[in-house]
Every structure is written in structure tokens, then in C-alpha cells.
Amino acid sequence: MCRWAAYIGPELFLEDVIASPCHSLIAQSHDAHEAKTRTNGDGFGVAWYGAREEPGLYRDILPAWSDQNLRSLSRQIRSHLFLAHVRASTGGVTSRMNCHPFVSGKWSFMHNGQIGHFDRLRRGLESRLDDAIYAQKLGSTDSELIFLLMLQHGLDHDPARALVEAVNTIKSEAARIGVPAFIRLTAAFSDGHRLYAVRYATDRFAPSLYTATLAPNAGLCVVSEPLDGEAGNWMPVPPNSFVTVKDTKRITIEPFMVTEESAPTLESA
């Protein structure tokens, strides 16, 4: 299971989330507290928004804790909205194209979780993509395919509905080939103006998700686990919830509703 952190608010140096806190994303890359896999060393990435519509993107296959370029860039880059991710692979080789975030135009996306039976579902899911969207596929992960399915289902027009339709497509394909629908999905994505996040699973074990305001600048973080290591200082997002952050004073958390199918019972992550 991966770890990630997203920020929206007044401009902030990336290092204030990625490197400086006592349980920063880099710290989580070698010692996560709320994940099945404590080490997240299969690459990292960050997407940040600045003066242009499309985000900047830096990804590499090194563990985040050993990449000095990441530390140097995060000390120099300021952004009002950025997504950062450290990867623990549940499938797909360790390559730059499989590192999160994934970017298409103005959109950036990152994910923690998995699609069960993905090796059997992948071909059918890929066939549901238009040629133009399929052509954007560069890696081999279930995470990138979720993002492409969201683009297929109208991400530009209705982000929440696009994600619901992507999940329903995965469940429909699982039913078609006769395997249980198993999805764990904690993700964040953005168009550079709003930040969206989801916490969902077909079983009882949705990966963790928290929000908190960062003092003293009053920006908002949405994270896999608290940056200070203290869950009591952060608000947990309930399972099966969709989060929309328009700005730090306009946050909504709504039920994330999808078509219900039977799901397998697995051990908690």
C-alpha cells in the first residue's frame, strides 16, 4: 500500500509537507504507521500547480528517502496546490511510468489501494477506453487505468460521477468474467483549482484518509496518515466518502455511492 499527501491553500514550499514534518511523506516512505507495508520504496512523484494550467511533474524510481533532487526541489518550489506520493507496488514493475501522480492535461491523480484480479480484468477494462484515451496509457498499473477510466467517463464535466462510473465499470467487468469485485480506493486528484479525494472499498477495510488545516498559513492537507504522527490532531474521513475542497473554507464530504456487488473478505490493510 502506498502513502500520499495533497495540499491546497496559500502557497507553501513543497518541503513543508514532503520533508519537514516529523512524519513527513519522506518519513512515511521508510516507516509508514497505518499501512500493511511499512516501507514504500518503489518510487515517488509529485505534481504541482503554478502559473500554467497543466501541472509540473517529477517522478523517479528511487526511494523517496534517497533522492537528493527531491529534497532540493521541494526546498525551492512553492505551490498553492500539489499532490505527492510514495509507492509500494501491488503490481506493475518499478518504472518511472508506473510512479504516481499521473497527469493528463490539467488533471493530476494519485492512488493508494488495489483492484483484485487485475491481471484478469485489465484487458477488458482497457477495451472500454476510446482510442485517444488509451493512447495516453504509458504504464501497467491498476491506478493509471482507474484514472483513464475517469477521463473516459467525463472527468472534465463531473469529477464525482466520473469516479463512480469508473468504479462501476470495474465491478461490471468483474461480474462479466465471473470474479468477485474487490476494490480498495483511496485517491486524490485535481484540476489545479479544486482538490478531490475519495475513501472507498468493497470490503470493510478502506485505506486510511485524514484531513487537517496546517497552521499558521491555514492551508488544508488531505493525507494517507498524519504528518505529525498523531491521529488525534487530524480528522479521519469516513469510509465510502467523497471529499471536495474548493478552498480551505469550502470543504464538503459526501457519501460515495456506487452499485453494490458482493465482495470478498480479506484481512485489514
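Here is a short chat about helix packing and empty space in this predicted model.

Biologist: What should I know about the numbering and cut-offs here?
Modeller: Residues are numbered from 1 along each chain as its sequence is written, and side-chain values use heavy atoms, with hydrogens and water left out. Since the model is predicted, local features need pLDDT of at least 70, totals for chains, interfaces and linings use all residues, and side-chain atom pairs count only at pLDDT 80 or more.

Biologist: At what angle do the axes of α6 and α7 cross?
Modeller: Helices here are DSSP runs (H or I, at least four residues), numbered from the N terminus. Axes are lines fitted to C-alpha atoms over the stretch in contact, with angles from 0 to 180 degrees between N-to-C directions. For α6 (residues 142-152) and α7 (residues 159-177), the axes come within 8 Å and cross at roughly 120°.

Biologist: Is α6 oblique or roughly perpendicular to α7?
Modeller: Under 35 degrees counts as roughly parallel, over 145 as roughly antiparallel, 65 to 115 as roughly perpendicular, and the rest as oblique. Because of its crossing angle, α6 is oblique to α7.

Biologist: Which residues of α6 make the contact with α7?
Modeller: Contact means heavy atoms within 4.5 Å. On the α7 side we find Ala-162, Leu-163, Ala-166, Thr-169 and Ile-170. From α6 come Ile-146, Leu-149 and Met-150.

Biologist: How do α4 and α7 lie, roughly perpendicular or roughly parallel?
Modeller: The axes of α4 (residues 118-126) and α7 come within 10 Å and cross at roughly 115°. That angle is why α4 counts as roughly perpendicular to α7.

Biologist: Which residues of α7 does α4 meet?
Modeller: α4 brings Arg-120, Leu-121, Gly-124 and Leu-125. Their partners in α7 are Thr-169, Ile-170, Glu-173, Ala-174 and Ile-177.

Biologist: On to empty space: what volume does the second largest cavity have?
Modeller: A cavity is a set of points on a 1 Å grid over the protein atoms alone where a 1.4 Å probe fits but cannot get out; a pocket is an open set with protein on both sides within 12 Å along at least five of seven lines, and lining residues have an atom within 4 Å of a point. The structure holds 3 cavities of 30 Å³ or more. Volume is the space filled by probe spheres set on the points, which are joined across faces, edges and corners. For the second largest cavity that comes to about 50 Å³.

Biologist: Which strand gives the most to the lining of the largest pocket?
Modeller: This pocket has about 200 Å³ of space. Among its 14 lining residues, Asp-16, Pro-21, Leu-214, Ala-215 and Leu-227 are the closest to its centre. Strands are DSSP runs too (E, at least two residues). With 3 residues, the top contributor is β9.
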